[in-house]
Amino acid sequence: MNRASVITLIGVCIFACFSTRLRAADSPRRPNIVVILSDDVGYGDLGCYGATKVKTPNLDRMAAQGLRFTDAHCTSSTCTPSRYSLMTGQYAFRKAGTGVLPGDAKLCIDVSQVTTPAILRKAGYATGSIGKWHLGLGDGSIDWNADIKPGPNEIGFDYSFIIPATGDRVPCVFVENGRVVGGDPKDPILVSYQHKVGNEPTGRENPDLLKVKPSKGHDQTIVNGISRIGWMSGGKFARWTDEQMADVLTQHAVSFIEKNKDKPFFLYFATHDIHVPRAPHARFAGTSQCGIRGDVIQELDWSVGEVLTTLDKLKLTNNTLVIFSSDNGPVVDDGYADGAVKDLNGHTPAGPLRGGKYTIFEGGTREPFIVSWPGRVKPGISDALLSQIDFPVTFAALAGATVPAGAAPDSVNVLPALLGDAKTARETLVEHSGRLLALRKGSWKLIANGPAAKKSALPQLYQLSTDLAEANNIAADHADVVKEMSELLAKEREKGDARTRRDDGGAKWGTRRRDPMTVNEVDGLRTRG
Ligand SMILES: [Ca+2]
């Protein structure tokens, strides 16, 4: 080797070392991902979406520094199927057993399924599930006094602190990493959705003991002065206090962020607010101008603020993608006579949309959807069509993770739209409510007839760009569009449809006969959730 070659070699080595160090310095840690999934919040429920009777300064700040979406969706107009899709990237209508579940239902996700948290955990993320679960637990028979699994920790979460089902269903206890928090072997917990267990008062037998009366169902075991769906006994010291629930869950979300601040993390923070029973902390009771439902929206906004403040304090804001959305559309009377209807004061939970929770109209699945990542997401408003079902594939793209072939089959990478780099995302999207399906193609919307409809009946067709309220069914005038969209929807069904074609589907998938709540009549379309 001559002298020139040696000098060249030394130069190459110095450059290689320097550029490696440059790359290390230039490539920041992969971004953290925080999904704040609220419960039953409607398209018109937040200040940044037009509400005036309720104040949501933290969510408004998030929207001002981020992207606010106008056409983003959950996949179903009720909780369990919506969350199933978010977790698995598969439309819930393809899978039996994903209707609204009782509190003792088995886990509706196969532990072998690839999930959003599993993808991120495999990519090196710390993963946490805090708050409402409602995807079932165990394999069919739960002993609430022993290890409860499979559950969140078996489908991809390193840490979980959950409400097993909903606030209005027993058991009214928190479960942390598969164990009831505060469980006592001397006071074992029993739960049934078929018959009364123990001797405790129920809403039906002892209405004088209630601080809020049920308006429909919700008249079984009384916990904290509120009667629930289902019966429980035992676990006296493990039971939650509804008025403290937002504080407890928010503290756990904050603590998860603090504990994992030095590595990439994925936090799924599923708030109880604003589901029933609405029981705001005294700090929020009576603070809104639209009654108790507005009060819990303001409590929810506080929870969001605590998360954002924690990220700021830990200097993680500029490296964290935060998404706020809701699992389904709004409902005002959802089983308790809590005054929400009479106190609305002109507030419109679904904004300009038709329908809400339990319905196939836009109010059922079009949700507030705010993305914040200062320095990366371009602030503004986006009309891109996308769905929470896109989370697994999109987050994988963000984290540099791979999604195994065949996994998350209905999920699409919408990262460019999520970050504000692209104005469009999906061209089509299936919306789902009970046994009804609708197809979005651009601003067209086709609502297919349910299984019980006459064969000759026309489906419903709406042009949302001129008729956002779905007031004028123009199917008869656009036979070509109806035909094209019906064929597209038929193709989606052919990929798998375990629920919407079954005439007895309601009873089978939702175990509706065991769960007396949640039959609503909205806009003449009877759907169940
Ligand atoms: Ca919900």
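**A walk through the model**

Start by selecting helix 2 (residues 57-65) and helix 6 (residues 291-313): their axes come within 7 Å and cross at roughly 55 degrees. (Axes are lines fitted to C-alpha atoms, for helices over the stretch in contact, and angles run from 0 to 180 degrees between N-to-C directions.) That crossing makes helix 2 oblique to helix 6, where angles under 35 degrees count as roughly parallel, over 145 as roughly antiparallel, 65 to 115 as roughly perpendicular and the rest as oblique.

Before you click on, note that this is a predicted model: local features need pLDDT of at least 70, side-chain atom pairs count only at pLDDT 80 or more, and totals for chains, interfaces and linings use all residues. Numbering runs from 1 along each chain as its sequence is written. Helices (H or I, at least four residues) and strands (E, at least two) are DSSP runs, numbered from the N terminus.

Now show the side chains where those two helices touch. On helix 2, pick P57, N58, L59 and M62; they meet D301, V304, G305 and L308 of helix 6. Residues are in contact if their C-beta atoms, placed from the backbone, lie within 7 Å. By class, this contact has five nonpolar, two polar and one charged residues. (Ala, Val, Leu, Ile, Met, Phe, Trp, Tyr, Cys and Pro count as nonpolar, Asp, Glu, Lys and Arg as charged, and the others, Gly among them, as polar.)

Next, select helix 3 (residues 79-88). How many of its residues are buried? The count is 10 of 10, so to speak a mostly covered helix. Buried means 20 or more other C-beta atoms within 10 Å of a residue's own, exposed means 12 or fewer, and partly exposed lies in between, with C-beta atoms placed from the backbone. What do those buried residues pack against? Add helix 4 (116-122), helix 8 (391-399) and strand 17 to the view. Just after helix 3 comes G89, with a positive phi near 70 degrees.

Strand 17 leads on to an open sheet of four strands, in the order 17-18-19-20, with antiparallel pairing. Two strands pair if DSSP finds at least two bridges between them. Strand 17 (428-433) and strand 20 (460-463) are the edges, each pairing on one side only. From one strand to the next, the twist averages 20 degrees. Zoom in on strand 17 and strand 18 (residues 436-441), which pair over six bridges; S433 has L436 in strand 18 as its bridge partner.

Finally, zoom out: the protein chain has 11 helices and 22 strands, and buried residues make up 52% of its 529 residues.
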